[in-house]
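Reader: I'm in my first year and still learning how to look at protein models. Could you take me through one part of this one closely, and then show me how it fits with what is around it?

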Amino acid sequence: AVSLSLQDHRNRMATYHTDEGLQNLRRRVPLIATWDDHETTNNAYGQGTKENTGAENHQEVCPVNSTASLDEKRAAQCDRDEGDVVTRFNNAAQAYLEWLPLRRYDGSMGVATIGSITQIIS
C-alpha cells in the first residue's frame with residue numbers, strides 16, 4: 001500500500017522495525033541511518049520546488065479509484081488521489097525522524113570522515 005498520511009508513514013516505519021533480521025543487526029553493530037527518497041516516491045530527490053519534485057510515481061489526482069480493475073490501477077500507478085506531494089514528503093520525514101531520532105546541530109549534516117579511507121556524504 002502507498003503511504004500518504006502521517007499515520008501511514010508511522011505504520012510503515014513500525015512494520016520495518018518488527019523485522020527480525022533488522023533487530024538482530026541492530027543488536028550486533030552500530031548503524032548509520034540515511035534517508036532514502038523511496039520512502040516517499042520513486043526518485044523523489046527533486047529540485048526544491050513543488051513543480052519539480054522528481055517524484056515519478058506520485059499522482060496528486062489519480063485518474064482511477066479503488067473500484068477500477070487491477071489493470072487500470074497498474075496503468076495509472078495509483079488507486080486513490082495522493083494529494084500534495086510536499087505534504088507527503090513532510091509526513092514521511094516526520095515519521096522517519098520519530099522512529100530514527102537523528103539529532104541535528106551545527107555541523108551535523110554534510111560529510112563525515114570515518115578512518116582514513118571511508119567517507120560518507122549526506
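Author: Happy to! Let's start with one pair of side chains: arginine 10 and glutamate 98 form a salt bridge, and their closest N and O atoms are 2.7 Å apart. This pair joins distant parts of the chain, with arginine 10 in helix α1, glutamate 98 in helix α4, and the two positions 88 residues apart in sequence. Please keep in mind that the model is predicted. As for the idea behind such a pair, side chains of opposite charge can pair when their charged atoms come close.

Are these two partners buried or exposed? Neither word fits, because the class in between runs from 20% to 50% relative accessible area. Arginine 10 has 26% relative accessibility, so it counts as partly exposed. Glutamate 98 has a relative accessible area of 38%, so it is partly exposed too.

Now step back to the two helices that carry this pair. Two packed helices are described by the angle between their axes and the distance between the axes. Here, helix α1 covers residues 6–16 and helix α4 covers residues 85–99; they pack at an angle of about 40°, and their axes are 8 Å apart. What do we call that arrangement of α1 and α4? Angles from 35 to 65 degrees belong to neither the roughly parallel nor the roughly perpendicular class, and α1 and α4 are therefore oblique to each other. The crossing in which α1 passes α4 is right-handed.

Just before α1 there is another residue to find. Serine 5 lies in the segment that precedes α1, and with 31% relative accessibility it counts as partly exposed. Serine 5 and asparagine 90 are 85 residues apart in sequence, yet their C-alpha atoms are 9.5 Å apart in space.

Let's go back to α1 for a second salt bridge. The side chains of aspartate 8 and arginine 80 meet there, at 3.9 Å from N to O. This pair also links distant parts of the chain: aspartate 8 sits in helix α1, while arginine 80 is in the loop between α3 and α4, 72 residues away in sequence. Aspartate 8 is partly exposed because its relative accessibility is 24%, and arginine 80 is partly exposed because its value is 37%.

A further salt bridge brings together the side chains of glutamate 82 and arginine 88, at 3.2 Å from N to O. Where do these two fall on the scale from buried to exposed? The cut-off for buried is under 20% relative accessible area. Glutamate 82 has 6% relative accessibility, so it counts as buried. Arginine 88 has a relative accessible area of 4%, which means that it is buried as well. In the whole structure, a search finds four salt bridges, among them the pairs we have just visited.

For a change from charged side chains, look at the surface around valine 29. This residue is in the loop between α2 (20–28) and α3 (70–76), and it counts as partly exposed because its relative accessibility is 36%. Together, Leu25, Val29 and Leu31 form a nonpolar surface patch with about 220 Å² of accessible area.

Finally, here is the overall layout. The protein chain has four helices and two strands, and along the sequence they follow the pattern α-α-α-α-β-β. Of the 122 residues in the protein chain, 24% are buried.

Definitions and conventions: Residues are numbered from 1 along each chain as its sequence is written. This is a predicted model: local features need pLDDT of at least 70, side-chain atom pairs count only at pLDDT 80 or more; totals for chains, interfaces and linings use all residues. Side-chain values use heavy atoms; hydrogens and water are left out. Patches are made of residues with over 30% relative accessible area and no salt bridge: like charges are joined within 9 Å, nonpolar side chains (Val, Leu, Ile, Met, Phe, Trp, Tyr) within 5 Å. Accessible areas come from the Shrake-Rupley method with a 1.4 Å probe; for residues, only the protein chains shown count as cover. Buried means under 20% relative accessible area, exposed over 50%, partly exposed in between (1.4 Å probe, protein chains only). Axes are lines fitted to C-alpha atoms, for helices over the stretch in contact, and angles run from 0 to 180 degrees between N-to-C directions. Angles under 35 degrees count as roughly parallel, over 145 as roughly antiparallel, 65 to 115 as roughly perpendicular and the rest as oblique. A crossing is left-handed if the near helix is turned anticlockwise from the far one by less than a right angle, and right-handed if clockwise.
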